[in-house]
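User: I am new to reading protein models and would like to learn how to go through one step by step. Could we take a single chain and work from its surface inwards?

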Amino acid sequence: MPELPEVETTRRKIAPLVTGRTIVDIRHLSPKKYPDTGLAHGRTVLEPQRRGKYLILPLAQGPDAAPDRELIVHLGMTGGFRLEEGPHTRLTLQLDSGELHFNDPRRFGRVRVVQAGDYAALPTLAAMGPEPLGDSFELEAFAQAAAKAGAVKPWLLSQRPVAGVGNIYADEALWRARIHPAQRHLSAEQAARLHAAVREVMREAVELGGSSLGNGVSNYRQHDGDWGGFQLQHAAYGRGGQPCPRCGTTIEKTVLGQRGTHFCPQCQVLE
């Protein structure tokens, strides 16, 4: 958390606030966590972009210039933007139109400025797979890689086969595809089901503004106070001990690749 749907919702929400605005200053107390932010001063923010779980703000020397730098934001586990400063504000983006505050209770978020397109300091971003809702997420390539992959859930979480899938949406996609999270070397038919399920889950989650989970101050929400709605559709994630919506069998929780993992032992049989 947040994963692709939450980051995409954030991108859409902040775009009207930052696009075409000039960055006057970026204030924070953690130069190691938020490096090179001074390079953004005086630059204009172009239309925000997203790559996987990363929010990318292209920066240019004017609204009509090509971007020469990028402000990269990774929300971590609890990061998000607010219009007002609060006890968990870690960084403040001062624009010529006002301020936008980066709120991060658990402090795992990261913000940095890089030369446009230079992701050498961000190896996960540099090596990220195709976007799940884009044309580059091709079934043939996905199936070929899945046939040789190890345990499927950690493979999905690596970001190499497809961008932006984290713990929540991996559990949900695998449940819909009826594939056990520890299944290895997917068949062509299994890969096709999972490919379709990833697309379906991500599309629905984006439409509903992502998932908000009930964990107090770190609960994901947007700067305008809106909560996500996809948590109401969860069939597997966070439902350990509850009946499977499909067959009624009790959803089980295990640990796979050091991540809590939820699945139905009746619908998702390990082959």
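User: What is the accessible surface of the chain, and how much of it belongs to carbon and sulfur atoms?

Analyst: Please keep in mind throughout that this is a predicted model. The accessible surface of the chain comes to about 12,200 Å², and carbon and sulfur atoms account for 49% of that area.

User: How many of the residues count as buried?

Analyst: A residue counts as buried when its relative accessible area is under 20% and as exposed when it is over 50%, with partly exposed in between. Of the 271 residues of this chain, 52% count as buried.

User: How does the radius of gyration of the chain relate to that of a compact globule?

Analyst: The idea is to set the value of the chain beside the value expected for a compact globule with this number of residues. For 271 residues that expectation is near 18 Å, and the chain has 19 Å, which agrees. Along its principal axes, the C-alpha trace spans about 55 × 40 × 30 Å.

User: Which helices and strands should I look for, and what do the contacts say about residues far apart in sequence?

Analyst: The chain has six helices and eleven strands. If you take the contacts with a separation of 6 or more, 62% of them are between residues 24 or more positions apart.

User: Where are the positive charges relative to the negative ones?

Analyst: One way to read this is to take the mean position of each kind of charge and to ask how far apart the two means are. Here the 32 positive and 29 negative charges have mean positions that are 6 Å apart.

User: Turning to one helix, is H5 mostly covered or mostly uncovered?

Analyst: Helix H5, which runs over residues 167-177, is mostly covered, since ten of its eleven residues are buried. Among these buried residues are Tyr169, Leu174 and Trp175, and charged side chains are represented by Asp171 and Glu172. The buried residues of H5 pack against helix H1 (4-18), helix H4 (152-157), H6 and strand E11 (259-263).

User: What happens to the backbone just after H5?

Analyst: Just after H5, Arg178 takes a positive phi of about 60°. Positive phi values also appear in two loops: Arg107 has a phi near 65° and is found between strand E8 (98-103) and strand E9 (110-115), while Gln258 has a phi near 65° and is placed between E10 and E11.

User: Are Arg107 and Gln258 buried or exposed?

Analyst: Arg107 is partly exposed, because its relative accessible area of 46% is in between the two cut-offs. Gln258 is exposed, because its relative accessible area of 76% is over 50%.

User: Which residues does Arg246 touch, and what does its side chain reach?

Analyst: Arg246 lies in the loop between helix H6 (188-207) and strand E10 (252-256), and with a relative accessible area of 28% it is partly exposed. Leaving out residues up to four places away in sequence, Arg246 touches Trp175, Arg176, Arg178 and Cys267. The side chain of Arg246 reaches the backbone oxygen of Trp175 at 2.7 Å, and Trp175 is one of the buried residues of H5.

User: Which other residues can I examine in the loop between H6 and E10?

Analyst: Cys247 is found there, and at 36% relative accessibility Cys247 counts as partly exposed. Apart from neighbours within four places in sequence, Cys247 is in contact with Cys264, Gln266 and Cys267. Thr250 lies in this loop too and is partly exposed, with a relative accessible area of 43%. With neighbours within four places again set aside, Thr250 is in contact with Gly241, Gln242, Pro243 and Pro265.

User: To finish at the other end of the chain, is Pro2 buried or exposed, and what does Pro2 touch?

Analyst: Pro2 is placed in the segment before H1, and it counts as buried because its relative accessibility of 4% is under 20%. Not counting residues up to four places away in sequence, Pro2 touches Val7, Lys53, Leu75, Gly76, Met77, Thr78 and Gly79. Pro2 and Leu29 are 27 residues apart in sequence, and their C-alpha atoms are 23 Å apart in space.

Note on methods
Residues numbered from 1 in each chain as written. Predicted model: local features only at pLDDT ≥ 70, side-chain atom pairs only at ≥ 80, totals over all residues. Heavy atoms only, no water. Helix = DSSP H or I, 4+ residues; strand = E, 2+ residues; numbered from the N terminus. Rg over C-alpha atoms; globule rule 2.2 N^0.38 Å. Buried < 20%, exposed > 50% of the residue type's maximum accessible area, 1.4 Å probe, protein only. Contact = heavy atoms within 4.5 Å. Areas by Shrake-Rupley, 256 points an atom, 1.4 Å probe, with all protein chains shown as cover. Charge placed at Lys NZ, Arg CZ, Asp CG, Glu CD. Polar contact = N/O pair within 3.5 Å; in protein donor to acceptor, adjacent residues only side chain to side chain.
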